[in-house]
Structure formats: C-alpha cells, structure tokens
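Subject: Structure handover

Hello,

Here is the structure I said I would pass on. Please open it alongside this message.

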Amino acid sequence: HEWHKVLFFGALVVAVLMVVDYGKAFEFSVPYLVCYNMLCLRVPDFLGHTVISMFEGMHRYASPAWVTTGISFAYMVSMQVYLFVLQIVCTNMSSLHMFP
C-alpha cells in the first residue's frame, strides 16, 4: 500500500505546481517536459496496478463478472482522466501557431 502514498503525493505535487504556475507561458519549458515524461513513462505502469489493488477484496462481495466489469470500468475512467491531464500538459507545452 506504499504505492498509494507515492501516487497520491505525486499527483498532489503536480496539481499544486500547475495551480501555482497557472497563467505562465510554458512553451518549451523544462518543468512541463519533466512532467510530460513522468506522465508518459510512469503513470501507465502504476495505473493498472492501482485500479486492480482498489478492487482486491471485492471478489468476496460480488460475482467475478461484476468485479471484472468494475475493474474494466474503473480502468477506462482512470485512463480518460490520464489522457485529459496529458492533453493539458501537451497544450501548455506547444506553440499556438506552430502549424498553419
């Protein structure tokens, strides 16, 4: 359960940094590059593990079909949130008029 703490504090730090830096131009910015690399490389590795560990005891309370459906739904929702955050980071890193 230590990964939950790491993921929680990592997400908290990224959220605080984005709130603090709101309104700044981060085109070609090193902090956003680091954030983008962390999101691309590390979050997908732990996202599936986190979703499955959230449902680890559910097989005692529901049928395997419902547990599998819940895991699949939770993973799809978490991936949509992940892609939304990745879109925000990519939008803030890119030039507005780079391509005609």
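Below is what I found in it, from the whole chain down to single residues.

**Overall**

Please keep in mind that this is a predicted model. The protein chain has four helices and zero strands. Reading from the N terminus, the order of elements is α-α-α-α. The chain holds 100 residues, and 19% of them are buried. Its accessible surface comes to about 7,900 Å². Carbon and sulfur atoms account for 73% of that surface. I also looked at contacts between residues at least 6 apart in sequence. Of these, 76% join residues at least 24 apart.

**The core**

Which residues make up the largest nonpolar core? There are seven: Cys35, Leu39, Leu47, Tyr82, Leu86, Val89 and Met93. Two elements give two or more residues each, helix H2 (30-41) and helix H4 (64-93). H4 provides the largest share, with four residues.

**Helix H4**

H4 has 30 residues. At 1.5 Å a residue, the helix should span 44 Å. Its end C-alpha atoms are 43 Å apart, so the model agrees with that expectation. The buried residues of H4 are Val67, Ala74, Ser78, Tyr82, Leu86, Val89 and Met93. As background, an α-helix has 3.6 residues a turn, so residues three or four places apart point the same way.

Take serine 78, which is found in H4. Is it buried or exposed? Serine 78 counts as buried because its relative accessibility is 16%, and the cut-off for buried is under 20%. Leaving aside neighbours within four places in sequence, serine 78 is in contact with Leu47 and Val51. Both of these partners are listed among the buried residues of H3.

**Helix H3**

H3 covers residues 43-54, 12 residues in all. The expected span at 1.5 Å a residue is 16 Å. The end C-alpha atoms are 16 Å apart, so this helix agrees as well. Buried here are Leu47, Gly48, Thr50, Val51 and Ser53.

Two of these deserve a closer look. Leucine 47 is part of the nonpolar core. Beyond its neighbours within four places in sequence, leucine 47 is in contact with Tyr75, Ser78, Met79 and Tyr82. Of these partners, Tyr82 is also a member of the core.

The other is threonine 50, also in H3. Threonine 50 has a relative accessible area of 15%, so it is buried. What does threonine 50 touch, not counting residues up to four places away in sequence? The answer is His4 and Leu7.

**Helix H1 and the surface**

H1 runs over residues 2-20. Valine 20 lies in this helix. Is valine 20 buried or exposed? With a relative accessible area of 57%, valine 20 is exposed, because the cut-off for exposed is over 50%. Valine 20 also belongs to a nonpolar surface patch of about 500 Å². The other residues making that patch are Phe8, Phe9, Leu12 and Val16.

Over to you.

Best wishes

Key: Residues are numbered from 1 along each chain as its sequence is written. This is a predicted model: local features need pLDDT of at least 70, side-chain atom pairs count only at pLDDT 80 or more; totals for chains, interfaces and linings use all residues. Side-chain values use heavy atoms; hydrogens and water are left out. The expected span of a helix is 1.5 Å times one less than its number of residues. Buried means under 20% relative accessible area, exposed over 50%, partly exposed in between (1.4 Å probe, protein chains only). Patches are made of residues with over 30% relative accessible area and no salt bridge: like charges are joined within 9 Å, nonpolar side chains (Val, Leu, Ile, Met, Phe, Trp, Tyr) within 5 Å. Accessible areas come from the Shrake-Rupley method with a 1.4 Å probe; for residues, only the protein chains shown count as cover. A salt bridge is a side-chain nitrogen of Lys or Arg within 4 Å of a carboxyl oxygen of Asp or Glu. Contact means heavy atoms within 4.5 Å. A nonpolar core is a set of buried Ala, Val, Leu, Ile, Met, Phe, Trp, Tyr and Cys residues joined through side-chain atoms within 4.5 Å.
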